[in-house]
Amino acid sequence: MTTLTCLMLVAALLPALTALIAKAGGRAFDNNEPRVWLAGQQGWRARANAAQANTFEALPFFFAALLLALHNGADTSYLVGLAGAWLVLRVAYVGLYLAGLGTLRSLVWAAAVAVNIAMLFASA
């Protein structure tokens, strides 16, 4: 498996990780109706669930930008750097979300979007 493939796999698994964080150790967790249980959570569990939703929302742009750049012949090593940066930013985003640091979290979110935009133009 190439480095780029590994980064894509880790990115795809990030929402599942945030879901696990939201649900782990929760009292009266109901796996038959997890969304109802999650909707009633507060604090860091609620923020982890929100981070999960946002991580799912961020994936299409990431994958589309990366695949378009590959299709257009962008340098793979450059894309590995961008994809790695995106992943580090998204992990930081989740951590900041869990910590309740909204302003810093939003700045990291914007930086990850900027990395996606850089990928779009990587082969230009």
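# A guided tour of a helical chain

Ala92 is partly exposed, with a relative accessible area of 32%. This residue is a convenient place to begin the tour of what is a predicted model. Select Ala92 and colour its surroundings: the residue belongs to helix 4, which runs over residues 76-99. Next add Leu104, which is twelve residues away from Ala92 along the chain; the two C-alpha atoms are separated by 9.8 Å.

**The whole chain**

Now zoom out and display the chain as a cartoon. Five helices and zero strands make up its secondary structure, so named in order along the sequence the pattern reads α-α-α-α-α. The C-alpha trace spans about 50 × 30 × 20 Å along its principal axes. Switch to a surface display: the accessible surface of the chain comes to about 6,900 Å², and carbon and sulfur atoms account for 66% of it. Of the 124 residues in the chain, 35% are buried. Among contacts with a separation of 6 or more, 70% join residues that are 24 or more positions apart.

**The largest nonpolar core**

What does one find on selecting the residues of the largest nonpolar core that touch the most other members? They are Ala11, Phe62, Leu66, Leu79, Trp86, Leu87 and Met119, out of a core of 21 residues. Two or more residues of this core come from each of helix 1 (3-23), helix 3 (43-71), helix 4 and helix 5. Helix 3 gives the most, with six residues.

Keep Leu66 selected and show what surrounds it. Residues up to four places away in sequence aside, Leu66 touches Leu4, Met8, Leu79 and Met119. Another core lies apart from the largest one; it has six residues, including Tyr93, Val94, Leu96 and Val108.

**Arg47**

Move next to Arg47, which is in helix 3. Is Arg47 exposed, partly exposed or buried? Arg47 is partly exposed, because its relative accessible area is 27%, a value that falls between the limits of 20% and 50%.

Then add Tyr97 to the selection. Arg47 and Tyr97 are 50 residues apart in sequence, yet their C-alpha atoms are 6.0 Å apart in space. Leaving out residues up to four places away in sequence, Arg47 touches Tyr97, Leu98, Ala99 and Gly100. At Leu98, show the backbone oxygen: a polar atom of the Arg47 side chain lies 2.8 Å from it.

**Arg45 and Ala48**

Two further residues of helix 3 may be selected in turn, the first being Arg45. Arg45 counts as buried because its relative accessibility is 13%, where the limit for a buried residue is under 20%. Which residues is Arg45 in contact with, leaving aside its neighbours within four places in sequence? The contacts are Ile21, Ala22, Lys23, Ala24, Gly25, Gly26 and Trp37.

The second is Ala48, also found in helix 3. Ala48 is buried, with a relative accessible area of 1%. When residues up to four places away in sequence are not counted, Ala48 touches Thr18, Ile21, Ala22 and Leu98. To set a longer distance on the display, select Ala112 and draw a line from Ala48. The C-alpha atoms of this pair, 64 residues apart along the chain, are separated by 18 Å.

**Ala28, in a loop**

Follow the chain to the loop between helix 1 and helix 2 (34-39), where Ala28 is located. Although Ala28 is not a glycine, it has a positive phi of about 60 degrees. Ala28 counts as exposed because its relative accessibility is 69%, and exposed residues are those over 50%.

**A nonpolar surface patch**

For the last stop, return to the surface display and select Phe61, Ile117 and Phe121. Together these three residues make a nonpolar surface patch of about 290 Å². Where does Phe121 lie in relation to helix 5? Phe121 lies in the segment that follows helix 5 (102-120). With a relative accessible area of 56%, Phe121 is exposed.

Conventions
Residues numbered from 1 in each chain as written. Predicted model: local features only at pLDDT ≥ 70, side-chain atom pairs only at ≥ 80, totals over all residues. Heavy atoms only, no water. Patch = residues over 30% accessible without salt bridge, like charges linked within 9 Å, V, L, I, M, F, W, Y side chains within 5 Å. Areas by Shrake-Rupley, 256 points an atom, 1.4 Å probe, with all protein chains shown as cover. Salt bridge = Lys/Arg side-chain N within 4 Å of Asp/Glu carboxyl O. Helix = DSSP H or I, 4+ residues; strand = E, 2+ residues; numbered from the N terminus. Buried < 20%, exposed > 50% of the residue type's maximum accessible area, 1.4 Å probe, protein only. Core = buried A, V, L, I, M, F, W, Y, C linked by side-chain atoms within 4.5 Å. Contact = heavy atoms within 4.5 Å. Polar contact = N/O pair within 3.5 Å; in protein donor to acceptor, adjacent residues only side chain to side chain.
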